[in-house]
Amino acid sequence: AQAPRAPIPDGVGASPLDGGDPGQWERLRAAERGFTWNQSVTEVTVEIDVEKCSAADIKVTLAPRRVTVKRKGEAILDGALHDRINCEDSTWHLDSGKQVVLSLEKIKPVFWNSFLEQAAGATPAK
């Protein structure tokens, strides 16, 4: 677990060259939506907090450009991905019954600007 960071003031560059954290803004916004995500050049890791449940209560559907996570039939995450993933090499697990962790393998080894396409009408967790 990372220590909480102070919000980035308006007008301050997020570039590490300016002393910033390039993923901080995205993590702060994503945390408000009920999930956080991080990435390497080849993989995206998404953590979604859920009410205590078993893995049988969770249904994850992975498509090359879309991800859907349901808990007891209710969509807690549904949206178009920023870029394509390799569905066969992507996995998920339920951590301690309270957090769904997705490990998504990217098709192209590039950094994504965002996890979900904003214009696609993603349904974030409430």
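**Two open sheets and a shared core**

Let me begin with one pair of residues, since Trp37 stands opposite Val46 in strand E2, and from that pair we can work outwards. Please keep in mind throughout that what you have in front of you is a predicted model.

The pair belongs to a region where E1 and E2 run antiparallel and are joined by 5 bridges. These two strands are part of an open sheet of 4 strands, in which the order is E1-E2-E7-E6 and the pairing is antiparallel. At the edges stand E1 and E6, and each has a single partner strand, so one side of each is left without a neighbour in the sheet. Averaged over this sheet, and ignoring direction, neighbouring strands are turned by 15 degrees against each other.

Let me step back to the protein as a whole. It holds 1 helix and 7 strands, and if you read from the N terminus the elements come in the order α-β-β-β-β-β-β-β. Of the 126 residues in the protein, 32% are buried. The accessible surface amounts to about 7,700 Å², and carbon and sulfur atoms hold 51% of that area. If we take the contacts in the protein with a separation of 6 or more, 51% of them are between residues 24 or more positions apart.

Now to the other sheet, which is also open and has 3 strands in the order E3-E4-E5, again with antiparallel pairing. Here the edge strands are E3 and E5, each of which pairs on one side only. Neighbouring strands in this sheet are turned against each other by 5 degrees on average, once more with direction ignored.

It is worth following this sheet pair by pair. E3 and E4 run antiparallel and are joined by 6 bridges, and the hairpin that connects E3 to E4 passes through 2 residues. Along this pairing, Val60 lies opposite Val69 in E4, Thr61 lies opposite Thr68 in E4, and Leu62 has Val67 in E4 as its bridge partner. Val67 in turn has a bridge partner in E5, namely Gly79, and so Val67 takes us across to the next pairing, where E4 and E5 are antiparallel over 6 bridges. E4 and E5 likewise form a hairpin with 2 residues between them, and in its turn Lys72 has a positive phi of about 50 degrees.

How many residues does the largest nonpolar core have, and which of them have the most contacts inside it? The core has 22 residues, and those with the most contacts inside it are Val46, Ile48, Val69, Val100, Leu102 and Phe115. Two or more residues are given to this core by each of the strands E1 (35-39), E2 (43-49), E3 (58-63), E4 (66-71), E5 (74-80), E6 (85-95) and E7 (99-106). Val46, with which we opened as the residue opposite Trp37, is thus back on the list, and so is Val69, the residue opposite Val60.

Val100 deserves a closer look. Setting aside neighbours within four places in sequence, Val100 is in contact with Val46, Glu47, Ile48, Val50, Ile58, Val60, Val69, Trp92, His93 and Leu94.

I would like to finish with two individual residues. Ala63 is in strand E3, and is Ala63 buried, partly exposed or exposed? With the buried class ending at 20% and the exposed class starting over 50%, Ala63 counts as partly exposed because its relative accessibility is 27%. Not counting residues up to four places away in sequence, Ala63 touches Leu81, Ile85 and Cys87. Between Ala63 and Glu88, which are 25 residues apart along the chain, the C-alpha atoms are separated by 9.7 Å.

The second residue is Asp83, which is found in the loop between E5 and E6. Asp83 is a charged residue type that you might look for at the surface, but let me simply give its value: the relative accessible area is 13%, and therefore Asp83 is buried. What does the side chain of Asp83 make a polar contact with? The partner is the side chain of Lys108, at 3.5 Å. Lys108 also appears among the residues that Asp83 touches, together with Pro64, Arg65, Val110 and Trp112, when residues up to four places away in sequence are not counted.

Terms used
Residues numbered from 1 in each chain as written. Predicted model: local features only at pLDDT ≥ 70, side-chain atom pairs only at ≥ 80, totals over all residues. Heavy atoms only, no water. Buried < 20%, exposed > 50% of the residue type's maximum accessible area, 1.4 Å probe, protein only. Contact = heavy atoms within 4.5 Å. Areas by Shrake-Rupley, 256 points an atom, 1.4 Å probe, with all protein chains shown as cover. Core = buried A, V, L, I, M, F, W, Y, C linked by side-chain atoms within 4.5 Å. Polar contact = N/O pair within 3.5 Å; in protein donor to acceptor, adjacent residues only side chain to side chain. Pairing = 2+ DSSP bridges. Axes fitted to C-alpha atoms, helices over the stretch in contact; angles between N-to-C directions.
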